[in-house]
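Hello,

Here is the structure we talked about handing over. Please have a look before reading my notes.

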Amino acid sequence: MEPPVESEGRTFVEVFSEKYSPENFPYRRGLGMGVVVVPTASPQGSPMKDRLNMPSVLVLNSCGISRAGDQSEIAAFCSHVMELDLSHNKLKDWHEISKIISNIPNLDFLNLSSNPLAGVPLERRCAATFSKVRRLVLNNTQVSWDTVLLLTREMPELEELFLCLNEYSVVSAPSVACPNLRLLHINDNSLQDWAEVRKFGAMFPSLDTLVMANNNLASIQDGQDILQRLFPNLRSINLHNSGLNKWEDIEKLNFFPKLEEVRLQGIPLLQPYTNAERRSLLIAQLPAISLLNGSVVNDNEREDAERFFIRYYVDYPEEALPCRYHCLVNKYGKLEPLAEIDLRPRCHAQVEVHCEGKVEELSIRLDQTVAELKKQLTTVVQLSSNSMRLYYIDKGSAFGPEEMKYNTRALHSYTIQDGDEILVVPKTK
């Protein structure tokens, strides 16, 4: 018998029997580690070994799997399996996938990412085999939205759904909601219209976390009453790299009654601002959030941000002031702009150089050393560097002259100011 052509792919059974054989996957103890499974009645003529070290988490990505294989062997060896990664394989038939899933009764997590499922029809009886799965990953499969609706209708226990990179631009609302879904990842699609996002509210009434980065969403179009009803349980939203370009859209995030975490990077609205300004303005606009872009917002940071917000808008005309400005003025009062203080170290000082009764005004660099100052003074006092001793006189101090003994000491460490004096004394022979 000739071996199967490589393009036809391999069976699920072939791959797991090879990967988890004792030779390739030694028995290990511990949660999620290898579990020795001995089938009670292996099918007659089974090519599989008597024992396989099968863990409860099977990682079989990029193995060329296109078919299920013998279902009795799947049932015998995989009854304890809870997590299954079949991403980047060649599965393009829901019937074959159903044969695998239906024989893994304890399956909780399934990853089918990057399998060629575009345009592949799904029958309801196949979808029903997914009923116990709570976490499903369909990234980059191009499954149709109708397929998604059928799956969610047949998966009442579904809690987490990943639909990234599937080119969705339009979605339709279901006739039956998916009651327990808490997490939806739908990054890198083409959902630009809020009217499409709105449908997730009816579809997933328990939604806790909505991750829809890289969708170029143009705006949030609903008002307070609708947004409160649409997403009553939403705690976290990720709108990285969306198309939001108005502060009114940011203000509307406050209408989600339980929202406490927001991720908002790479949006057009924030491009003109510095990183510090972006964070402060967002914190001030979103009084209820405790996490912004993954970082905790503490009470001190919030107060600083809100005070910055008032000062930022203080000179804007009344008609251009955001609503939040008036709320914060009521809280802190109308704050004056902070005085601009230059905290950069001084680079030069204008000093008087005294030597044997002569006085010369001189500009000196404060980033140089005592040795370098001596070299500068040689042409002023007509002494060599080795023939002079220097004293610093702080005219604002009650103390007397301070000898500048150490040639390597930097002048800025003396805190020299304009008007101070440098006394040059020739060394005695």
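The notes below cover the salt bridges.

First, a caution: this is a predicted model. The structure holds 25 salt bridges. Side chains of opposite charge can pair when their charged atoms come close.

Start with Glu159 and Arg182. Their side chains form a salt bridge, at 3.2 Å from N to O. This pair links distant parts of the chain, with the two positions 23 residues apart in sequence numbering. Glu159 sits in the loop between helix 5 (145-153) and strand 9 (160-162). Arg182 is in the loop between strand 9 and strand 10 (183-185). Arg182 is partly exposed, because its relative accessible area is 35%.

Both residues also belong to a network of salt bridges. The other members are Glu83, Asp108, Arg134, Arg135 and Glu160.

Next, Glu301 and Arg279. Their side chains meet in a salt bridge at 2.6 Å, N to O. This one also joins distant parts of the chain: Glu301 lies in helix 10 (residues 299-313) and Arg279 in helix 9 (residues 275-285), 22 residues apart. Glu301 has a relative accessible area of 23%, so Glu301 counts as partly exposed.

Last, Arg263 and Glu261. Here the salt bridge is 3.4 Å, N to O. Is Glu261 buried or exposed? Glu261 is buried, because its relative accessibility is 10% and the cut-off for buried is under 20%. Its partner Arg263 is at 29%, so Arg263 counts as partly exposed.

Best wishes

Key
Residues numbered from 1 in each chain as written. Predicted model: local features only at pLDDT ≥ 70, side-chain atom pairs only at ≥ 80, totals over all residues. Heavy atoms only, no water. Salt bridge = Lys/Arg side-chain N within 4 Å of Asp/Glu carboxyl O. Helix = DSSP H or I, 4+ residues; strand = E, 2+ residues; numbered from the N terminus. Buried < 20%, exposed > 50% of the residue type's maximum accessible area, 1.4 Å probe, protein only.
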